[in-house]
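Please look over the structure shown here before reading on. The report that follows works from the whole chain down to single residues.

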Amino acid sequence: MYGRAEGLDGQFTNTAIEFTDLVSWDISSASAKELESWREAGVALTNGAAVLRLWAEDIKAYRLVRSELQQRWETAKIIAQTRVDSPVVSASTSGRSGGFAEGVVDAVTSTKASRESEEKTALMGLACELALEHDAAWEILMDQADQVEKDLREGPSEKTLERLVDSGHLGWSWAGVLPDGEAPMEEFTENATPGAVNVWWNSLSQSDQQAAMEDYPEILRGLGGIPVVVRDELNRDYLEELIEGNLGAAAVDPKVGLGSLNLLGDLDLMREILKDDDKFLIDIDPMAPGGGAAVISTGNPDLADNVSTMVPGMLNDAGGMGVLVGRADDIHSSMNGNDPSSENASITWMGYNTPFSGGWSPGEAANDLNDFQEGLRATHQGGSPSHNTVVGHSFGGYVAGVAANPDFHGVPGDLDADALVLIGAPGASVQNVNDLSVDEENVHIIQGDDDAIETARELSGMASDGFGTALHAEEFYADPENPGETLGNRLDPEEDTGHSGYFEDEESLGYLGDVLTGGVPDGWIPSGDPLETGADQDPGSCEPSGREAPPEEWPGIRHRWLLLTLALGAGFVCGSLAAFVNGLHPEDGGFLELSVGLYVVPPVLLGLLAARPGLATVTGLSVYLAAVLGHLMVSVTLVDDVNVLEYRAWVLVGLVVGPLLGFLGDRFRSGSTFARGFAGGLPWGWWRFSHACPSRSPRCPGGSAFTRSPCLWRRS
């Protein structure tokens, strides 16, 4: 590869020498042929430099891929070795719920040799996978190397020119592919990015811009990269044409157009909306499937400091823009109230075909949303970029999530937004907030307890895997790198909002006003825990002031040392009591049920109090081991022939049973009906099993009080 580059370097050097010779002449006396040679040398140098800069970026991209692959391999080896040597530590640090108990089970049920064999097999599979990924990246680099050689020898190809323009190394005017009277505008606009379109537009004179508006209104009025004021003018003219009678088949065909037979009435309503001076008609297509498409902004996003893009949910279409724009106006008012010194814009993006008429696949809508957001960046004016936020409601939240999901098939997932707000959404198409391309600290979920979206998700087709983790689930916010910590932001409004009342709820609108203007909502921290704070509160203080935060369920005890102290104390007392009861009544097998209950119930109860699953498993283990110790100490005082080996066996049993009981208690706290039923049914099952024995035997000869038994321990 580098040998080939040396040959190219020689060709490039010859061009540079020719250029040096040319510029040493007296340009004023040069012939036309000499001037043309000078121009060609300059073009070759400019193009060659741009191509080499692009090649340098390609090499950098390959090295980044290779570095990532190497990092994945090294990390996998460390994880594998940790599991082989310390399965409990490996599972506990994995971030999975109940990891400690899983590690204990792994340690008990597998040998070091078997774990090593499994991890070797897994590493071999990963090595093959990484090798394939590297081969693909290397193949791309080699193709790019071949193209660089060709471009330096023959000049940049059309594809290379597009890459050079998109990457910013050349402008459209230099590349020589600007549309003119001879070039087809359709081909240019189909292939050009919004940034390239904006560069082209700004390169035109005012008269050329006006001519383009007259010649290509149907293209420019919906084209990303064209300034909003230009699109607004063209779309208002188009709206008037539609109202004046140029409706065509859409007036009588309910399958297309603005969702109802009264298309003219819908367009009249849209014209009424646009009478306000702060309204901009960015796009309109009454012929779009599913009820038409329309984009209206309150405020000019090209001049705004803060821009919000609202994506409505299912059963909406352009015929209902009155309600949707009303919501955008309320959001705009909230933005102005929170940041009155800034220019703000609130956009209603009804730019996709919603379910049911549009089906459940969000890919096309997500790509269109990405293109729209990219266009906002391209046309924005001013020295600094605007703070852009995408707000998705209901199914629109799912579309916005897909637009920010790099792993969704057919969607780049690079949503150009500084913040993402999902309101009453069935999901974001990802398993964890960390999977989105928007930084998790700038992802906000607003969802009330009375929102029927969760019921709809569970009882209808919305329960498919494509929606990802439900947005009310704790695992959606769990930090994969720091077990027990949470990511993202969430608001559960205090007042009932139903599914669509968020835009009339004062608390929700206030939260949106903060987020959409780049602020941190009063009274909320990234983990989603509410603080009773107000606008007049000292930022460093946590004293209550101002509005109250919505009530939440008791989150459990988070202080590990407090829980450990409770666990050791409770376990020791219960174990001692169990030994004392059995010692006083060695002949009564019925007391065994009480004794066993003193071992089973405390780990479950303290696991119930723990704030996190991992903390619950450690608590259950501590309770159980402390109970064994307490039982031993009391038995020594009551029984002469205590079998110490037996207690060692119970310690081993406790290493497994204790964490499981603690984890069971934690699951009882979850909202799961199954988990609660299982946790509640365990004591009942134990009682039924113990009472099913037809007979009981006296305590085992030579055993301790702990081993006396109904038939659970030994049948007579």
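The text below covers the overall make-up, the sheet, the aromatic residues and a few selected sites.

## Overall make-up

This is a predicted model. The chain has 716 residues, and 45% of them count as buried. DSSP runs give 24 helices and ten strands. The accessible surface is about 35,400 Å². Carbon and sulfur atoms hold 56% of that surface. Among contacts with a separation of 6 or more, 68% join residues 24 or more positions apart.

## The eight-stranded sheet

Eight strands make up an open sheet. Their order is 1-2-4-3-5-6-7-8, and the pairing is mixed. Which strands stand at the edges? They are strand 1 (279–285) and strand 8 (489–491). Each has a single partner strand, so one side of each lacks a neighbour in the sheet. On average, neighbouring strands of this sheet are turned by 15 degrees against each other, direction ignored.

Strands of a sheet pair through backbone hydrogen bonds, in either the parallel or the antiparallel sense. Strand 3 (residues 306–311) and strand 5 (residues 387–393) run parallel and are joined by six bridges. Val-311 has Gly-392 of strand 5 as its bridge partner. Strand 5 also pairs with strand 6, again in the parallel sense, over five bridges. Here His-393 is matched with Ile-423 of strand 6.

How many residues of strand 6 (residues 419–423) are buried? Five of the five are, so the strand is largely enclosed by the rest of the structure. Both of its faces are covered. On one side lie Ala-419, Val-421 and Ile-423. On the other lie Leu-420 and Leu-422.

## Aromatic residues

The whole structure contains seven aromatic pairs. A pair of rings is described by the distance of the centres and the angle of the planes. Two of the pairs are set out here.

| Ring pair | Centre distance | Plane angle | Geometry |
|---|---|---|---|
| Phe-395 and Tyr-398 | 5.4 Å | 70 degrees | edge-to-face |
| Phe-476 and Tyr-477 | 5.1 Å | 85 degrees | edge-to-face |

Why is the pair of Phe-395 and Tyr-398 called edge-to-face? Planes over 60 degrees apart earn that label, and the rings of Phe-395 and Tyr-398 have their planes at 70 degrees. These two residues are three apart in helix 16 (residues 395–403), a separation of about one helical turn. Phe-395 is buried, with a relative accessible area of 2%. Tyr-398 is buried too, at 4%.

The second pair is also out of reach of the probe for the most part, by the numbers below. Phe-476 is buried at 0% relative accessible area. Tyr-477 counts as buried at 1% relative accessibility. Tyr-477 has a charged residue over its face as well: Arg-490 lies 4.0 Å from the ring centre. Arg-221 and Tyr-238 make a similar arrangement, with the charged end of Arg-221 over the ring of Tyr-238, 3.8 Å from its centre. Elsewhere, Trp-349, Tyr-352 and Phe-372 form one aromatic cluster.

## Trp-73 in helix 2

Trp-73 belongs to helix 2 (residues 32–85). Is Trp-73 buried or partly exposed? At 27% relative accessibility, it counts as partly exposed. What does Trp-73 touch beyond its neighbours within four places in sequence? Its contacts there are Leu-123, Leu-126, Ala-127 and Leu-130. Trp-73 and Leu-126 lie 53 residues apart in sequence. In space, their C-alpha atoms are 7.8 Å apart.

## Two residues with positive phi

Leu-315 is not a glycine, yet its phi is positive, at about 70 degrees. Leu-315 lies in the loop between strand 3 and helix 14 (321–338). Its relative accessible area is 61%, and Leu-315 is exposed.

Ser-429 also has a positive phi, near 75 degrees, in a residue other than glycine. Where is Ser-429 found? It sits in the loop between strand 6 and strand 7 (443–446). Ser-429 counts as buried, at 12% relative accessibility. The cut-off explains this label, because buried means under 20% relative accessible area.

Technical notes: Residues are numbered from 1 along each chain as its sequence is written. This is a predicted model: local features need pLDDT of at least 70, side-chain atom pairs count only at pLDDT 80 or more; totals for chains, interfaces and linings use all residues. Side-chain values use heavy atoms; hydrogens and water are left out. Helices (H or I, at least four residues) and strands (E, at least two) are DSSP runs, numbered from the N terminus. Buried means under 20% relative accessible area, exposed over 50%, partly exposed in between (1.4 Å probe, protein chains only). Contact means heavy atoms within 4.5 Å. Accessible areas come from the Shrake-Rupley method with a 1.4 Å probe; for residues, only the protein chains shown count as cover. Two strands pair if DSSP finds at least two bridges between them. Axes are lines fitted to C-alpha atoms, for helices over the stretch in contact, and angles run from 0 to 180 degrees between N-to-C directions. Rings of Phe, Tyr and Trp (its six-membered ring) pair if their centres lie within 6.5 Å; planes under 30 degrees apart count as stacked, over 60 as edge-to-face and the rest as tilted. A charge sits over a ring if NZ of Lys or CZ of Arg is within 6 Å of the ring centre and within 35 degrees of the ring normal.
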